[in-house]
Amino acid sequence: MPIEWSAEAGQFHLRNDLVSYVVRILENDWLGHVYFGASLAEGKSYSHLVPGDFFGFSNRLGHPTPLELPIGGTGDYRIPALAIELPDGSGVLDLRYKSHRTFPGKPGLPGLPATYAEIGTEAETLEVVVADRMAKIEVCLQYTIYRDRPVVVRGARVTNAGESAVIVRCAMSAALDLPDSDWQLVTLSGDWARECQVERHDLRPGRQSISSSRGASGHQHNPFVVLARPATTEEHGEAYGFSLVYSGNFLVEAEVEPFGTTRVRAGINPDGFSWLLDPGADFVTPEAVLAFSSGGLGDLSDTFHCLFRDRLARGTWRDRARPIVINNWEATYFDFDEPKLLAIASAAHEMGIELFVLDDGWFGRRNDDTTSLGDWEVNLAKLPGGVESLARKVEELGMSFGIWIEPEMVSRHSQMFIEHTDWAIGVPVRPRTEGRNQYVLDMSRPDVVNHLFGVISGILGSAPISYVKWDMNRNITEPFSPTLPAWRQGEFMHRYILGVYSLYDRLTKAFPGVLFESCAGGGGRFDPGMLAFAPQGWTSDDTDAIERLRIQWGTSLAYPLSSMAAHVSAVPNHQVGRITPLATRAAVAFFGVFGYELDPTVMSAEERVEIADQVSFYKQWRELFQRGRFLRLRSPFEGDRNETAWMTVARDGRSAIVGHYRILSRPNPGPQRLRLRGLDASASYRVSVWPSAEPAGAPLRSTVLGGDELMAAGLVLESNRKSAEAGDFRARLYVLEAEERRPSPEVAP
Ligand code: GLA
């Protein structure tokens, strides 16, 4: 059994072969944290690991006592996990062990996205209730451990069992105390069009955090952090990963206190948050995923990839091969009509592309970004036969059809804004801030969510639509809802995202065959909360291959390739003006959910042949690109940053594709090898190079090399002697296919 309870030691031990998480009921009946890390033996007490009382200045409990649910005002001056304002205005709580239960499987979270267990035996859950008898506050701490994953998923439910309302000021999903601070904090930070840049810094005394107060997880920081030992690499060393299954305002914070211990907390950002808890009411936190690896960052990432891909994403598309898309955004922006779109679709179909996506601009009077969000009626001047006619014609070509929507928004110039001005978020007496000429709808209102469900269901039901790109192009300002009383305005941001989740939930259930892709100006809401509804997301609005090396590398720290949409676009690139070879653009975008974002009708015949070749290459290796084990080999954030290399390996190790990218050409480079990982050391691999130096469509040149050699000595990279000819921004893929094993010779008796 993965969860062991020892009444004698007052100890819970959640364990599998990969990790242990140990909790102890302390002498004062508080919940102490004992250990999280590599698996420990069962049947033993680890209570002695919790430090005894230490009597420092004004410390009651004795600190640094590691706690499962730290609260302020009681002598623990570190960052708290819970803060509640009681009816008398005080916030002092004494939460003591009351009861616990364990059960197979993992329960869902009401209204919130969550990881899940498909069968009861793959996970086990512990719920521990702690209670303050005087204040009549109960907190149920939930822990799920998966049988085969180095992961513990945590969350909390706060219940007001008293007779008066209380105010929750801070309710973290998890807090974790670690016994030292010899860690580096790794975060994925950036901004629009440069998301998920890897930052890695030593922890220092005091508090350090990432957060969002934008109403979305944001481009600026992904709700994911790693604590890695300074020596931890992709291949070796200890690392903890913390991920929040949430898309709204979040906080992940680490505090190093004077004794050198570290506390990490993750949850809803307490800044600007409060939640009035009526008698008998509950507040449920989003869940946090805590993972541990002693096998380096690569192993830690793989843990998140597998969990998010297989037990967070759900629905028809979870396990299905994702189609190759052509999206008309960068091809036409708002300037299109049906013949133009059909010409793009038809050229794309000839090259083997499978799904045409009609992006922004098909509704209302939307010929630029100043109008019409909210008026979800087709623009008949552009599409005289409506969406249905276009979708049917695309289908007749032999392609599927997808559409762009931005349900959470309204333009100032729109019929919706005229009719429902109060649906746009804002404080009635104050001006609203505009962002991209639009306002955000008040998704905390059930009437708004109902309206959107009706409108979007109408669109999806009106035509053969098999894919939706759900965009969200600005953040919330002037947070306020006229439907909430003054004392509940602190709930607004959380209620907003609950409204978004409820709309996603209803639409994905009503249209189970539709593939949803989330988007927020690229990666502005690329988080696990969204992945629970939309199994893939638009990774970034930056489609430049060189920028994408960093963005996709960073994103891959937490998210699987099956979640990262990556498209080839035209050059000069629309975000940075860079001109890169078509092959390089594809060689980067292959490592994700592949597609195009350009106008093939203006491309040369040679380029179209090249694209057709790329499409058939991706189709041949789609499973490997979308579901293989992704391993990062050479970082675009380290060294001279001139190279990047990564690979995807089949789970059985029988095939792999390595991507090697050199940004600037250098004169007179020396010979180079690249050590691979994850292969079968005893297998022989046929290694071929893509793109082939031969004309498109010609067979790849290949040699046969041992898995042992490729991992220990390394793959000799294509000769750089011809650097001058090759130029900048070069990519090479190496396709590895294991040869059939020869039957071992019979040994004579
Ligand atoms: C956002 C998206 C783009 C595109 C535009 C349309 O920026 O990220 O891909 O859909 O909106 O307005």
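**Exercise 1. Find how far apart the centres of domain 1 and domain 2 lie, and how many residues each gives to their contact.**

Solution. Start with the centres: taken over C-alpha atoms, those of domain 1 and domain 2 are 35 Å apart. Next, look at who takes part in the contact: 30 residues come from domain 1 and 27 residues from domain 2. Keep in mind that you're working with a predicted model. If you want to pick the domains out yourself, the domain assignment puts domain 1 at 3-304, domain 2 at 325-538 and domain 3 at 631-738.

**Exercise 2. Work out what area is buried between domain 1 and domain 2, and which three residues of domain 1 supply the most of its share.**

Solution. A handy idea to begin with: the size of an interface is often given as the accessible area lost when the parts come together. For domain 1 and domain 2, that area is about 2,100 Å². Carbon and sulfur atoms give 54% of it. Now zoom in on domain 1: Ser247, Trp275 and Leu276 supply 24% of the area it buries against domain 2, more than any other three residues.

**Exercise 3. List the salt bridge and polar contacts between domain 1 and domain 2, then describe the side of domain 1 that touches domain 2.**

Solution. First, count the salt bridges between the two domains: there is one. Arg488 and Asp278 form a salt bridge through their side chains, at 3.0 Å from N to O. Using the domain bounds, Asp278 falls in domain 1 and Arg488 in domain 2. Then come the polar contacts, with 19 residue pairs across the interface.

Which elements give two or more residues to the touching side of domain 1? They are strand 14 (221-228), strand 15 (239-244), strand 18 (275-277) and strand 19 (282-284). Sort the residues on this side by type and you get 14 nonpolar, 13 polar and three charged.

**Exercise 4. Locate the cis peptide bonds at Pro572 and Pro691, and the positive phi values of Asp29 and Ala193.**

Solution. Why bother looking for these? Because most residues other than glycine have a negative phi, and most peptide bonds are trans.

Take the peptide bonds first:

- Val571 and Pro572 are joined by a cis bond, with omega about -5 degrees. You'll find Pro572 in the loop between strand 29 (564-569) and helix 10 (582-589).
- Trp690 to Pro691 is also cis, with omega near -5 degrees. Here the loop holding Pro691 runs between strand 35 (684-690) and strand 36 (702-706).

Now the phi values:

- Asp29, not a glycine, has a positive phi of about 70 degrees. Its loop is the one between strand 3 (19-25) and strand 4 (31-38). With 33% relative accessibility, Asp29 counts as partly exposed.
- Ala193 has a phi near 70 degrees, and sits in the loop between strand 11 (184-191) and strand 12 (194-202). Ala193 has 9% relative accessibility, so it counts as buried, the cut-off being under 20%.

**Exercise 5. Decide whether Asp360 is buried or exposed, and name what it touches.**

Solution. Find Asp360 in the loop between strand 22 (355-358) and helix 4 (386-397). Its relative accessible area is 1%, so Asp360 is buried. What does Asp360 touch, leaving out residues up to four places away in sequence? The partners are Trp329, Tyr333, Phe334, Phe336, Arg366, Trp404 and Arg436. Finish with Arg366: its side chain and that of Asp360 are joined by a polar contact of 2.7 Å.

Technical notes:
Residues are numbered from 1 along each chain as its sequence is written. This is a predicted model: local features need pLDDT of at least 70, side-chain atom pairs count only at pLDDT 80 or more; totals for chains, interfaces and linings use all residues. Side-chain values use heavy atoms; hydrogens and water are left out. Domain bounds come from an automatic or database domain assignment. Contact means heavy atoms within 4.5 Å. Buried area is the accessible area (1.4 Å probe) that two parts lose on being put together, summed over both. A salt bridge is a side-chain nitrogen of Lys or Arg within 4 Å of a carboxyl oxygen of Asp or Glu. A polar contact is a pair of N or O atoms within 3.5 Å; within protein, one must be able to donate a hydrogen and the other to accept it, and residues adjacent in sequence count only if both atoms are side-chain atoms. Helices (H or I, at least four residues) and strands (E, at least two) are DSSP runs, numbered from the N terminus. Ala, Val, Leu, Ile, Met, Phe, Trp, Tyr, Cys and Pro count as nonpolar, Asp, Glu, Lys and Arg as charged, and the others, Gly among them, as polar. Buried means under 20% relative accessible area, exposed over 50%, partly exposed in between (1.4 Å probe, protein chains only).
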